[in-house]
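Thanks, everyone, for making the time. I would like to walk through one model this morning, going from strand pairing to helix packing and then to the chain as a whole.

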Amino acid sequence: MNTSPTTPARTPVLSREQVVSGLEGVRRRRAEVDADEAWFISQGDAIAAEETARIPSAEGRERELPLRGMAAEIAAVLRRSDQGMRDRMHDATVLVDDFAATFEALRADRIDRVHARLIQDAGARITDPDARARFECAALVVAEQETPGRAKPTILMLAQRLNPVPLEERHRQAAAARRVWVRDLDDGMAEITALLPAELAYAIKDRLNRHARAITDAHRAAAAEAKAAADAAAAAAAAAAADATTAATAASEPEGGADTDRPTDEIDATDATAATGDVLATDRRTMDQIRADVLTDLLLTGHATAAEAAGAIPEWAPIVAQVQILIPAHTLIGVDEGPAELVGYGPISADTARRLAATAEVWERLFASPSTGAVQQVLTYRPTLEMRRHLNARDEHCRFPGCRRPARQCDLDHTHEAALGGPTCLANLANLCPGRHHPVKHGTAWSVAQKADGILEWTSPTGRVYTDVPRRVLEFMALAAIDEPAPF
């Protein structure tokens, strides 16, 4: 009988509806406070600018003092360090003056301050005021629908598309700043950072992941093999001991004293067990640690493990990474220079996309609706699970609101359960992460319905409806809001 003590359940003082409604009120008040704080900080920046303007331009050092003094006072009243406060004052001014629609959306609780910062950072690269205003309008369509994490790649793509300066030119300027630097840390550690073109950075990450998975798989296989050998040796030793006992009992005249030496088979079993322990103990690193070690080995020896002979990577084993690029057809054939997309990152230049496509072993053709932006079909030149590819391309990630787990790591779930007659078709399937939101959908009072173009409507236990729109459809909606043609 299980006699372990149980923790008594807490008695709630509020209903579910009161909890959720209360949090909605907190969110609204926080948004208003965030907007007020930005406005007051921008006013402090304006006061400093006015005081600076009254100082003769020849007095260089004195002209810095009004801003320094105001930054120090704002930091003091907010109980913050004044280090970086001048940058914060500048950002507040830019938000209030140059991104007025975003500022008002923040005050009205249509977005939060993380959304606002995301829009401001992406739009800051657009110097033309009219183009920036159009970007802001489109970005707000996305930000009002999505969490900041999900909204970020779409907003970045909108900023690239609506910036009148060609992406290729901006990419050349940015790539010229590529570099590697080291920052000293405590406890004998240091941090090495590389600023690289996105397609190279993601290719490096992919290779590290592949090597790390190969290492962990090899250790699991070795541990399983050693355990099986130990079990077999132990069984053989037990059988031999049983035979010896039977023979000793049956002997009519035993000779000599008891043999204190272990049977050979028993020694082998013990050694095999030790070997199993050694295998299991050899690699207790986390995946992050393995990736860091692989990176070190690759850079210092040219191989993913120090056990390899040091030297250059042989010609027959070149660096191969898996990179997924989505390229508009006109961009691919060179009709226009619209940006392509590096999946998981965002926009890359047309020239980079064409160069990567030229060396790809497999092409995937993605067809999108010209009227809604929804992914309609994905074809490959090799035999494939076309439905899975289609849904991975459409969904990109788990379709529970706010979740960003990649679709390739998700389950394909029947929106209307198959056991209740739901068909296995594209309009009744969506990606849900297996450990969190798939169980939530089936095991709680949450429910979901699938509309046209893969749009999901989730209904919470309190009756609130949350709409989850596929990213490409949402991008299409954002561009349609400013009468911009779709990017495909």
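Asp413 has Ala430 in S9 as its bridge partner, and I should say straight away that what you are looking at is a predicted model. The pairing behind that bridge joins strand S8, residues 411–414, to S9 in the antiparallel sense, over four bridges. Strand S9 itself spans residues 429–432, and both of its faces are covered, with Leu429 and Asn431 buried on one side and Ala430 and Leu432 buried on the other. So Ala430, the partner of Asp413, counts as buried, given that the term is applied under 20% relative accessible area.

Further along the chain there is an open sheet of three strands, in the order S10-S11-S12, and its pairing is antiparallel. Which strands form its edges? They are S10, at 447–450, and S12, at 465–468, each of which pairs on one side only. Direction ignored, neighbouring strands in this sheet are turned against each other by 20 degrees on average. Within the sheet, S11, covering residues 456–459, and S12 are linked by four bridges in the antiparallel sense, and one residue pair to look for is Leu456 with its bridge partner in S12, Asp468.

Let me turn to the helices, and to H3 in particular. Helix H3, residues 85–98, packs against helix H4, residues 100–107, at an angle of about 95 degrees and with the axes 5 Å apart, and the two are therefore roughly perpendicular to each other. On the H3 side the contact involves Leu95, Val96 and Asp98, which meet Ala100, Thr102 and Phe103 of H4; sorted by class, that contact has four nonpolar residues, one polar and one charged.

H3 also packs against helix H5, residues 113–123, where the axes come within 11 Å and cross at roughly 85 degrees, which makes this pair roughly perpendicular as well. Here Asp91, Val94 and Leu95 of H3 face Ala116, Arg117 and Gln120 of H5 across the contact, with three nonpolar, one polar and two charged residues by class. Leu95 thus takes part in the contact with H4 and in the contact with H5.

Finally, the whole chain. There are 16 helices and twelve strands, and buried residues make up 33% of the 488 residues. Of the contacts with a separation of 6 or more, 54% are between residues 24 or more positions apart, while the exposed area is about 29800 Å², with carbon and sulfur atoms supplying 55% of it.

Technical notes. Residues are numbered from 1 along each chain as its sequence is written. This is a predicted model: local features need pLDDT of at least 70, side-chain atom pairs count only at pLDDT 80 or more; totals for chains, interfaces and linings use all residues. Side-chain values use heavy atoms; hydrogens and water are left out. Buried means under 20% relative accessible area, exposed over 50%, partly exposed in between (1.4 Å probe, protein chains only). Contact means heavy atoms within 4.5 Å. Accessible areas come from the Shrake-Rupley method with a 1.4 Å probe; for residues, only the protein chains shown count as cover. Axes are lines fitted to C-alpha atoms, for helices over the stretch in contact, and angles run from 0 to 180 degrees between N-to-C directions. Angles under 35 degrees count as roughly parallel, over 145 as roughly antiparallel, 65 to 115 as roughly perpendicular and the rest as oblique. Ala, Val, Leu, Ile, Met, Phe, Trp, Tyr, Cys and Pro count as nonpolar, Asp, Glu, Lys and Arg as charged, and the others, Gly among them, as polar. Two strands pair if DSSP finds at least two bridges between them.
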